[in-house]
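Thanks for coming, everyone. I would like to walk you through one structure today, and I will go slowly for those who have not met it before.

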Amino acid sequence: MTETTTVSGMEHGLPFDPYAYGFHEDPYPTYSRLRAEAPVYYHGGMNFWALAGHADVRAAFRDTQRLSNSWGVSMDPSAYGPDAHKSMSFLAMDDPKHMRIRKLVSKGFTPRRVNELTGRITALTHQHWSRCLDKGEFDFVHDFAALLPMDVVSELLGVPEADRTRLRHQSDLLLHREDGDLDLPEAAVYAYIELHKYYSELIADRRKNPGEDLVSALIAAEIDDDETGEKTKLTEDEIVGFMVLMVVAGNETTTKLLANALYWGWRNPDELAKVFADPEVVVPDWTEETLRYDNSTQIVVRRVIEDAPYGDFVIPAGDRVLLLVGSANRDVEVFGADADRYEIGRDCSQALMSFGLGAHFCLGAHLARLEANIGLTEVVKSIRAVDIDADKAVRVHSVNVRGFAELPVKVTVR
Ligand code: HEM
C-alpha cells in the first residue's frame, strides 16, 4: 500500500544529516544503512526525501515528468530556488527550454570536438605537473588538480591565457565555501560578480570579433521561442549563465576526481601497482573505478512537481528529493557483494550514476574522463612512488561535492 503520510528520519531510527561533518568524512556506512533500512527516506526536520538504491536513483534521473530541475540541483540554499537558472543555466531548467539550449551547447562537446582538445590538455598537464616534480613535495590539489580543469574550461570558452590566473582565482573563491551557510560568503559574491563582468566583456568582444570558440557559436545561434515559435537568440544573461555553469559544473568536479583517484590508489597499493605496471591500459580503469567508488558529485537534488511514487511512499508535489548518487554507485544489487571494495578493472561504466542519466546527463562526461586519463597518465609515468600525508589532508565539507581541499603528497621521480 502506498502512503502519502511520511515517517521522519529520526523515527526511522536512522539519523541522516547531509550537512554533518562526520557524514562528509565517510558517508558510505550511512548510505549502506539507508539502502538496507530506508531506501526511500524522509527527513521531517529538514523536509527532504532521499533515494539511496541504484534502481530508484536511476528511475528518478529519468523521471523528468514528476521531478524537476527548475529550482536547481544542489542543496546549497543560494543555488536552490526559482532563480537557480541564473547561476546554473540550463542545468536548472526543464524541457523544452533546457533541451533547446542543451542542443546548441552540445555542439561544443561532441567526441570529435573534445578529442581535438587532447593536445592542449596534454600540454597544460605537462606544464603544471613538471612544476610539481621540481618541488617533489607539494599540495596535489592546489599545485595540480585545481589548475588543469579550469584551464580546460577557459580553453573551451576561448578565454585568453593572460586572463586565466585571475579567473582561476575567482572560481576558487566562488567554489570555496561551506555548505550549510545560509548566505554566500562575501568573497564568493564578489567572485560571482567579477566572473559575470569578465564573461560579459568577453561576449562583447566576441560579438565584434567572432572566433571558432563555443561562445561565438552561442552568440550566433538561433533557437525557437517557446511561446511564439519564432527564432530568437540567447540573451546576454543566458550566455553568461552558461559560462558560469561551466565553472561550477566542469571545474571542481574534475579537480576532485583527480585527487580522489590518487588518494584511493595510494590507500590501495595493490591496485595502484596495476596502474604503474601498465599506465596506458590501466589508467582509464583507474578513472572509472574512482568515479564509482568515490564520485566527486555525491548528491543531486530535484523538486517534485507531480506526486511521485517511490518504494512504499508517494513523495508529494512541492517536496525536495535527494538522489544519492554516491550510494547508488555502491549498491550490491548492481555492483556485487564487494561493491565497497576499490578494485581497478571492474566492469562498471554502464551502471555508473556518477554523471547522472537521461535528459541532464553530464555534457562534460567525455571531457572529464579525457582530462583525468591524461592527467593521471602523466602522473604515474613520471614517478616511481607517491606518499600522501593523510593526517594533513583536508576534506571539502559540502553536501554535493566530495573530495579534498588539500592533499599533501611527496613523489619519487623516475
Ligand atoms: C551535468 C557530474 C564534469 C558540464 C552533470 C550531472 C552530473 C555531473 C551528476 C547531472 C546533474 C543533474 O542531473 O541534475 C559530473 C562529474 C564530473 C563532471 C562527476 C567530473 C568528474 C563536467 C565537465 C563539464 C561538465 C568537465 C564541462 C566542462 C556539465 C553540464 C551539465 C552537467 C553542462 C548539465 C547538463 C544538462 O543539464 O543538460 N554533471 N560532471 N561536467 N555537467 Fe558534469
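Let me begin with Tyr198, whose place is in helix H11, residues 186-208, where helices are DSSP runs of H or I with at least four residues, strands are runs of E with at least two, and both are numbered from the N terminus. Residue numbers start from 1 along each chain as its sequence is written. Please keep in mind that this is a predicted model, in which local features need pLDDT of at least 70 and side-chain atom pairs count only at pLDDT 80 or more, while totals for chains, interfaces and linings use all residues.

Is Tyr198 buried or exposed? Tyr198 is partly exposed, because 17 other C-beta atoms lie within 10 Å, and the cut-offs are 20 or more for buried, 12 or fewer for exposed, and partly exposed in between, with C-beta atoms placed from the backbone. Between Tyr198 and Val159 there are 9.7 Å in space, C-alpha to C-alpha, although they are 39 residues apart in sequence.

Now to a pair of helices. The axes of H9 (residues 147-157) and H13 (residues 236-250) come within 10 Å and cross at roughly 155 degrees, the axes being lines fitted to C-alpha atoms over the stretch in contact, with angles from 0 to 180 degrees between N-to-C directions. H9 and H13 are therefore roughly antiparallel to each other, a label for angles over 145 degrees, whereas under 35 is roughly parallel, 65 to 115 roughly perpendicular and the rest oblique.

Finally, H13 also gives four residues to the shell around the ligand, the largest share.
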